[in-house]
Amino acid sequence: MQSSCKIDQNSTQDQPSPICRDFINNLPEEILIIVFLKSIDTMRPGRDLTRLRLVCHFWESIVESTPSIWAYISAEDGIQHIQNAVTKTGEVPLDLVYRSTGDDKTISVEAFLAAVKEKSGCWRSVELLFRQSPSAYPVLQSMPCPALEKLCLWCIFQTGSLPEPFGLFGGMTAPSKLKKLTLCKVPVLLEPLELADLESLCLMKIGPQSMEEVVRILRASPNLVTLGLEDLVGLRPSNASNTPPVCLQHLDTLKMRLPVPITRFLLSTLQAVNLNRLTLVANFSSIPPSMLFTPGITHWIPVLQRMVAKADKAEIEFNWSNQCSLKFGTLSYQFQAEVFDTPGCTREILDWHIANLGEVVTALPACLSYQDVCPSYGDLRVFNQLPDVTELGIAHTPSAEQVPSKLFKALESAGRTKPPQWLLPHLEVIHYDLTKSCAKYLVAMLKGRYGSRNSFDQSGDQLPRPQPLRELRFFGGTGKPWAPPKDVAFLREVNLFSGGAKIFWEDELQVFE
């Protein structure tokens, strides 16, 4: 019996794993390779390759004999896997990723580049993210990389001044296949690269660059589809009085985070009639929006009209740090204001768009949101003009619980103006992160705003009530120790005075008998 049992065990071990008997192994090998490639995590490909090889001998043979499966090479897999992958890839295009995590176990970027240097002719994409400026810059300078399509160089922390700018690709022009270039705190000499075929260029915190050099680079890259310019060091407006326009007819996405005079100059110089996404990040702490929205950028009006026409609402959001974002679909402004108040800056930008874009702006409903900010009467009054605010959102976190009395008292009654007016008279939806002190103020607001059919101003004339609410959405309790748990009695009271609005708790519609 014992020998019989041993025979049975051996026969079981000789059989293939269940997955190998499955239909998947009846697929053509080319299809199976595609499935394998789709299953590999490009950040840790070595780990997934090990798992695939352990399934069965058939899968192991495919993995070991297919160069393209080894083409994703990540530093996180360690030097032994990297060296092994290099020997198996043959002449297939390689995608290299190095991301420094600060872990002592991570190999250095110098060691990573040394391990893959022999295959530089096959590099298709290279993404290097390091914590400090490495000594590997000379290696990058000398590599011709004729097959390179994507290059991303990121330095997370840069202590002291930036290193001297250096060239790439052995002093030659960029490879003709290079389509995407991203540089962050890595000072590369760009002009000698002649980036005529580039489709994506993102420059962050590099410099010093002259405005004339930036304009020449953009003019020499007519095929750009994506352009990002953020915090360029030492950039100054051009002294040239009449800079010829730079036409980027293929440009689809543009993001600029630059001083206002620089942004204004570039907008006045660039022409991108097919642009579909624009993000401008500005600081209005000491300079008003009128210094950006000048007659010099009026050629952008048809482009902005087209973008705004695709939006379904205007989104206005404030947070505790005097920052604001204003979005019309794919048109986005993000700015900070201190000396000039943030609501006032927002209103100024809105008014420019209304004056120049017209009905495509005024016809939009607006969503007004506050993150860790409790708006006052004056803050809300700014938005009583077009576009009509139909949604109001208030969100809180543990660090900034605020007593909402001034918000709800401002909405509770008409007044403070001659003739008296309701704040946000077209309000339809309120989103609110509940706090422990808000219930009584919220109910009082609903009573005063929607409780009776009409109210009276100081002269005794009837003042129609604002538009009834359509929805009230409350959030709180779960995972939020600063917020109260669900209170059915409170929700019933809200339902009583909300004029038939739908009441939601954590996105669940509440039904009242």
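Biologist: Of the 513 residues of the chain, what percentage count as buried?

Modeller: This is a predicted model, and the figure is computed from it. A residue counts as buried when its relative accessible area is under 20%. Of the 513 residues in the chain, the share that meets this cut-off is 47%.

Biologist: How many helices and how many strands does the chain have?

Modeller: Both kinds of element are present in the chain. The counts are 16 helices and 22 strands.

Biologist: Which residues have the most contacts inside the largest nonpolar core?

Modeller: In soluble globular proteins, nonpolar side chains tend to be buried together. Here the largest nonpolar core has 150 residues. Those with the most contacts inside this core are Phe328 and Phe474.

Biologist: Which residues is Phe328 in contact with, leaving aside its neighbours within four places in sequence?

Modeller: Contact means heavy atoms within 4.5 Å. With the neighbours within four places left out, the list for Phe328 includes Lys313 and His353. The full list is Met307, Val308, Ala311, Lys313, Ala314, Tyr333, Leu350, His353, Val361 and Leu364.

Biologist: Among contacts between residues at least 6 apart in sequence, what percentage join residues at least 24 apart?

Modeller: The count takes in contacts in the chain between residues at least 6 apart in sequence. Of these, the share joining residues at least 24 apart is 68%.

Biologist: Are helices H5 and H6 roughly parallel or roughly perpendicular to each other?

Modeller: Two packed helices are described by the angle between their axes and the distance between the axes. For H5 (residues 79-88) and H6 (residues 109-116), the axes are 9 Å apart and the angle is about 20°. Angles under 35 degrees count as roughly parallel. H5 and H6 are therefore roughly parallel.

Biologist: How many residues in the contact of H5 with H6 are nonpolar?

Modeller: H5 contributes Ile79, Ile82 and Val86, and H6 contributes Ala111, Phe112, Ala115 and Val116. No polar and no charged residues are found in this contact. The number of nonpolar residues is seven.

Biologist: How are H10 and H11 placed: roughly parallel or roughly perpendicular?

Modeller: The axes of H10 (residues 301-309) and H11 (residues 342-357) come within 10 Å and cross at roughly 100°. An angle from 65 to 115 degrees counts as roughly perpendicular. H10 and H11 are therefore roughly perpendicular.

Biologist: How many polar residues does the contact of H10 with H11 have?

Modeller: Ile301, Leu304, Gln305 and Val308 of H10 meet Trp352, His353, Asn356 and Leu357 of H11. By class, five residues of this contact are nonpolar and none is charged. The number of polar residues is three.

Biologist: Is the crossing of H15 and H16 left-handed or right-handed?

Modeller: The axes of H15 (residues 439-450) and H16 come within 9 Å and cross at roughly 15°. The two helices are therefore roughly parallel to each other. Their crossing is left-handed.

Biologist: How many charged residues does the contact of H15 with H16 have?

Modeller: Ala439, Leu442, Val443, Leu446, Lys447 and Tyr450 in H15 meet Phe490, Glu493, Val494 and Phe497 in H16. Eight residues of this contact are nonpolar and none is polar. The number of charged residues is two.

Biologist: Is Leu496 buried or exposed?

Modeller: Leu496 lies in helix H16 (residues 488-497). Its relative accessible area is 61%, and over 50% counts as exposed. Leu496 is therefore exposed.

Biologist: Is Phe408 buried or exposed?

Modeller: Phe408 lies in helix H14 (residues 405-412). Phe408 touches Tyr432, Cys438, Tyr441, Leu442 and Met445, not counting residues up to four places away in sequence. At 2% relative accessibility, Phe408 counts as buried.

Biologist: Is Glu127 buried or exposed?

Modeller: Glu127 is found in strand E3 (residues 123-130). Its contacts, leaving aside neighbours within four places in sequence, are Leu96, Val97, Tyr98, Arg99 and Cys152. With a relative accessible area of 16%, Glu127 is buried.

Biologist: Which residues does a cis peptide bond join?

Modeller: Omega of this bond is about -5°. One partner, Pro387, is in the loop between helix H13 and strand E16. The cis peptide bond joins Leu386 and Pro387.

Note on methods
Residues are numbered from 1 along each chain as its sequence is written. This is a predicted model: local features need pLDDT of at least 70, side-chain atom pairs count only at pLDDT 80 or more; totals for chains, interfaces and linings use all residues. Side-chain values use heavy atoms; hydrogens and water are left out. Axes are lines fitted to C-alpha atoms, for helices over the stretch in contact, and angles run from 0 to 180 degrees between N-to-C directions. Helices (H or I, at least four residues) and strands (E, at least two) are DSSP runs, numbered from the N terminus. Angles under 35 degrees count as roughly parallel, over 145 as roughly antiparallel, 65 to 115 as roughly perpendicular and the rest as oblique. Ala, Val, Leu, Ile, Met, Phe, Trp, Tyr, Cys and Pro count as nonpolar, Asp, Glu, Lys and Arg as charged, and the others, Gly among them, as polar. A nonpolar core is a set of buried Ala, Val, Leu, Ile, Met, Phe, Trp, Tyr and Cys residues joined through side-chain atoms within 4.5 Å. Buried means under 20% relative accessible area, exposed over 50%, partly exposed in between (1.4 Å probe, protein chains only). A crossing is left-handed if the near helix is turned anticlockwise from the far one by less than a right angle, and right-handed if clockwise.
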